[in-house]
Amino acid sequence: MAALPPNPVPVAYQGGSASVPDWLNKGDNSWQMISATLVGLQSMPGLVILYGSIVKKKWAVNSAFMALYAFAAVVLCWVVWAYKMSFGDKLLPFWGKAGPALGQKFLIKQAALPATTHFYDNGEVETAMITPFYPMASMVWFQCVFAAITLILLAGSVLGRMSFKAWMAFVPLWLTFSYTVGAFSLWGGGFLFHWGVMDYSGGYVIHLSSGIAGLTAAYWVGPRSTKDRERFPPNNVLLMLAGAGLLWMGWAGFNGGDPYTANIDSSMAVLNTNICAATSLLVWTWLDVIFFKKPSVIGAVQGMITGLVCITPGAGLVQGWAAIIMGILSGSVPWFTMMIVHKRWTLIQKIDDTLGVFHTHAVAGLLGGVLTGLFAEPQLCALFLPVTNSRGGVYGGSGGIQILKQLVGAAFIIGWNVVVTSIICVVINLVIPLRMSEEELLIGDDAVHGEEAYALWGDGEKYDSTKHGDTTEEFSMEPKSSTQVL
């Protein structure tokens, strides 16, 4: 019998081979890696550009660099110990066992979240363990970019005065002792996951936690200089819009990737995300026009962000009409807390939240979580949630209890972040001052990094005739009018 000719197809493409195991779904794996890349682009370069553009010129480099540094630091910490603390075997009801996610045997096997098997009260399995049809490497990277963007969002609260060296210490500590707890509790198989608290893609894990932790860190770091607090115009509004655009379009991966598969629920999540974001942007702009007589493009970006944040906990769980309602509320409630409540609440005014992360992420994230408990549609819940027969309040049955669950879940995230972030800041301050020196606060990037975003003089630097020549007031880069800022 003649020998069979060698297979002309390289082993990398052969089904059933070591590189293409039977459990691998190439479509799911492709979408998961694309989603991870989209979320990564939200941070790098999305928020790097947005932060570097929306702040005063003298802080452009520092703000962008804080985002860049956080992204890189999280990647290394994530694969060395933090991934398994968030999605590994259970250590405590709110925490996984630390360990590396670096070995070949671990990374090329089928993805699995070992603590997610959900049981009935009698011990029988209600919902099997989450085991997507792609390798662990895809899961590790997808979850990594979510962790990274959380730290970068938090940074928005402390821009313009936090010591960069203190930030270098803060990032791994907060990732380890705060983010991993929220991620495991709500996503990785912790007590809130099994109780049935709904957080489709991070309304609580990412946005509520970053907003509360950001406000807390801002309290401990202290305010910007008086001059900066009084006047903090963006240095490049058009470039800011480019960063905002990357943020919006990247949200397709943010919410569309969380079913861990390219299924019908993923499509629903992407559509709802855009419906809510667009509605929220329009409502925020209308409110600016009605009350301030001028449409603000920075206000529009704020409305876009609050819409994206609000839909995140329920993106694949609510119907399109509910996404519109959520957009109306996310464009108005955070607007009200930022423009009205903030200006009349003396306590909150004492805390200098540079970009208003508390309003755009904490308030919008909490709002979205509660509205998800109200509008979550039973059939869509069955496509995603481990607890069977889950539903929102408007659908009767157990829906009323769901709203209570959402509030309890939010209370846990808020309480944990206030306490742990405070401890981290106090400990760091014992070794490294949290706040920059007065000279650094006066000068900005040139003093902190020895670098400037633009080769122009006139926004914080000390005048030096040997560097700047015969410069007069007409060449000052300070704008003559103020605009609404974050």
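1. A word to start with: a residue counts as buried when its relative accessible area is under 20%, as exposed when that value is over 50%, and as partly exposed in between. Arg229 is a good first case to try: its relative accessible area is 35%, so Arg229 is partly exposed. Please keep in mind as you read that this is a predicted model.

2. Let's take the whole chain next. The protein chain holds 19 helices and 4 strands. Its C-alpha atoms fill a box of roughly 90 × 60 × 40 Å along the principal axes. How does the radius of gyration fit with a compact globule? For 486 residues such a globule would have a value near 23 Å, and the protein chain, with 24 Å, agrees with that. Of the 486 residues, 55% count as buried. Among contacts between residues at least 6 apart in sequence, 76% join residues at least 24 apart.

3. Now for the charged pairs. The whole structure has 5 salt bridges. In one of them, the side chains of Lys56 and Asp228 meet at 3.0 Å, N to O. This pair links distant parts of the chain, with Lys56 in the loop between H1 and helix H2 (60-87) and Asp228 in helix H8 (residues 226-230), 172 residues apart. Are these two residues buried or exposed? Lys56 has a relative accessible area of 2%, so Lys56 is buried. Asp228 is at 0%, and therefore counts as buried too.

4. Asp228 has another partner to look for. Its side chain also meets that of Lys58 in a salt bridge, at 3.4 Å, N to O. Because Asp228 lies in helix H8 and Lys58 in the loop between H1 and H2, the pair ties together parts that are 170 residues apart in sequence. Lys58 is buried as well, with a relative accessible area of 6%. Put together, Lys56, Lys58 and Asp228 are linked in a network of salt bridges.

5. Let's return to Arg229. Which residue does Arg229 form a salt bridge with? The partner is Asp352, and the closest N and O atoms are 3.6 Å apart. Arg229 lies in helix H8 and Asp352 in the loop between helix H13 (346-349) and H14, so this pair ties together parts 123 residues apart in sequence. The two ends of the bridge are worth viewing in turn: Arg229 is partly exposed at 35%, whereas Asp352 is buried at 2%.

6. There is also some enclosed space to explore. A search of the whole structure finds 3 cavities of 30 Å³ or more, and the largest cavity holds about 110 Å³ of space. Its lining is made of 12 residues, and those nearest its centre are Tyr51, Ile305, Leu355, Thr360 and His361. Helix H1 (26-54) and helix H14 (357-375) are the elements that give two or more residues to this lining. What kinds of residue make up the lining of the largest cavity? They divide into 9 nonpolar, 3 polar and no charged.

7. Finally, have a look at Cys425, which sits in helix H16 (residues 399-431). Its relative accessible area is 0%, so Cys425 is buried. Leaving aside neighbours within four places in sequence, Cys425 is in contact with Phe170, Ala217, Trp220 and Leu434. For a sense of scale, try picking out Asp258: the C-alpha atoms of Cys425 and Asp258 are separated by 32 Å, and the two residues are 167 residues apart along the chain.

Methods. Residues numbered from 1 in each chain as written. Predicted model: local features only at pLDDT ≥ 70, side-chain atom pairs only at ≥ 80, totals over all residues. Heavy atoms only, no water. 1 Å grid on protein atoms, 1.4 Å probe; cavity = no way out; pocket = protein on both sides within 12 Å on 5 of 7 lines; lining within 4 Å. Points joined across faces, edges and corners; volume = space filled by probe spheres on them. Nonpolar A, V, L, I, M, F, W, Y, C, P; charged D, E, K, R; others polar. Buried < 20%, exposed > 50% of the residue type's maximum accessible area, 1.4 Å probe, protein only. Contact = heavy atoms within 4.5 Å. Salt bridge = Lys/Arg side-chain N within 4 Å of Asp/Glu carboxyl O. Rg over C-alpha atoms; globule rule 2.2 N^0.38 Å.
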